Amino acid sequence: MTDSGFGAGAIDTGKPQSARMYDYFLGGKDNYPVDWEAAEQVISFFPAVRQMARVNRDFMHRASRLLAERGIRQFLDIGTGIPTRPNLHQVVQAINPGARVVYADNDPIVLRHAEALLHSTPEGSTTYIQADVREPQKILAAAKEQLDFEQPIALSLVALLHLVADEDDPRRIVGELLDSLPPGSYVALSHATGDFDPETWERVVEVYRKGGTTAQVRSRAEFTSFFEGLELVAPGIALAAHWHPEPEEQHSQTDEIPLYVGVARKP
């Protein structure tokens, strides 16, 4: 595990954190009163946010499984969040026991729980990097100690880029990450959108910003731009509930969850 100097003592319980709010939406217990208050504000504006968190998690499982079934054996998951079973490595190592997974996140509370991410199969490996997506070269340098950058890698940026504002140039970040990956690699993205209810999402974004977390929803066109130069996996850009749904996940109440997703291959 790579540690950039953060420890459990660095956890700030005086302001809400996006990873802890997400954990609250999922029904987890790794959150604090300040997170409950902010999360309940979001729920008051957008009551379906709990469903949205589950739909996003289900997409991560399906996308990771599909790529493992396509033979990808290396995964770089940035913006990992607080461990919630099954984690990505459990999904892909069930298919390819020798899969190698590198997790990265910048939240000290994720570091505190990172041991849960490190229970790999004997044949494979899992590693945790404490780093911010806004420092892609730092993440890549650490990942290169664990992954073979001569072989395809799946890059997972799930529910992360809507926490990166335009001033941090998320397209540059994605570009730097993808430029370092060999041909045949994949990227999986999910992103909240305000396309269907802009006023509600302005309020939601403001809750995060007031708590000190950058947040920014984006349109379908803006989300699509992250995939320029890549080969989209069918069905292309879609709402999460419509991307390779499992039979038990085909519920009408999740059909319009405002979360765009996509998986694409680097040619």
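Is F59 buried or exposed? F59 is buried, with a relative accessible area of 0%. The legends below refer to a predicted model.

**View 1. An aromatic pair joins helix α3 to the loop between β7 and β8.** A search of the whole structure finds six aromatic pairs. In one of them, the ring centres of F59 and W243 lie 5.3 Å apart. Their planes meet at 80°, over the 60 degrees required, so the pair is edge-to-face. The two residues come from distant parts of the chain. F59 belongs to helix α3 (residues 49-69), W243 to the loop between β7 and β8, and 184 residues separate them. W243 is also buried, at 0% relative accessibility.

**View 2. F196, F223, F227 and Y260 form a ring cluster.** Ring pairs link these four residues. One pair is F223 with F227. Its centre-to-centre distance is 5.3 Å and its planes are 75° apart, an edge-to-face arrangement. Both F223 and F227 are buried. Y260, another member of the cluster, stands opposite L239 in the pairing of View 3.

**View 3. Strand β8 pairs with β5, with β6 and with β7.** Strand β8 covers residues 259-265. Why is β8 described as largely enclosed by the rest of the structure? Six of its seven residues are buried, so the description follows. Seven bridges join β8 to strand β5 (residues 186-192), and the two run antiparallel. Within that pairing, A188 has V263 of β8 as its bridge partner. Strand β6 (residues 231-232) is antiparallel to β8 and joined to it by two bridges. Here E231 stands opposite R265 of β8. Strand β7 (residues 238-239) also runs antiparallel to β8, again with two bridges. In this case L239 faces Y260 of β8.

**View 4. S156 sits buried in strand β4.** The strand spans residues 154-158. S156 has a relative accessible area of 6%, under the 20% cut-off, so S156 counts as buried. Which residues does S156 contact, leaving aside its neighbours within four places in sequence? They are L76, D77, I78, L88 and A188. A188 appears in View 3 as the bridge partner of V263.

**View 5. Helices α2 and α8 pack with their axes 9 Å apart.** Helix α2 covers residues 33-45 and helix α8 residues 198-210. The packing angle is about 175°. That value is over 145 degrees, so α2 is roughly antiparallel to α8. On the α2 side, A38, Q41, V42 and F45 make the contact. On the α8 side, T200, R203, V204, V207 and Y208 do so.

**View 6. Helices α1 and α3 pack with their axes 8 Å apart.** Helix α1 runs over residues 18-25. The angle between α1 and α3 is about 100°. This falls within 65 to 115 degrees, so α1 is roughly perpendicular to α3. Y22, Y24 and F25 of α1 meet V49, R50, A53, N56 and R57 of α3. Helix α3 also carries F59 of View 1.

**View 7. Two charged side chains lie over phenylalanine rings: K144 over F149 and R171 over F226.** The charged end of K144 is 5.5 Å from the centre of the F149 ring. R171 lies over the face of F226, at 4.8 Å from the ring centre.

Methods:
Residues numbered from 1 in each chain as written. Predicted model: local features only at pLDDT ≥ 70, side-chain atom pairs only at ≥ 80, totals over all residues. Heavy atoms only, no water. Buried < 20%, exposed > 50% of the residue type's maximum accessible area, 1.4 Å probe, protein only. Helix = DSSP H or I, 4+ residues; strand = E, 2+ residues; numbered from the N terminus. Pairing = 2+ DSSP bridges. Phe/Tyr/Trp six-rings, centres within 6.5 Å; stacked < 30°, edge-to-face > 60°. Lys NZ or Arg CZ within 6 Å of the ring centre and 35° of its normal. Axes fitted to C-alpha atoms, helices over the stretch in contact; angles between N-to-C directions. Parallel < 35°, antiparallel > 145°, perpendicular 65-115°, else oblique. Contact = heavy atoms within 4.5 Å.
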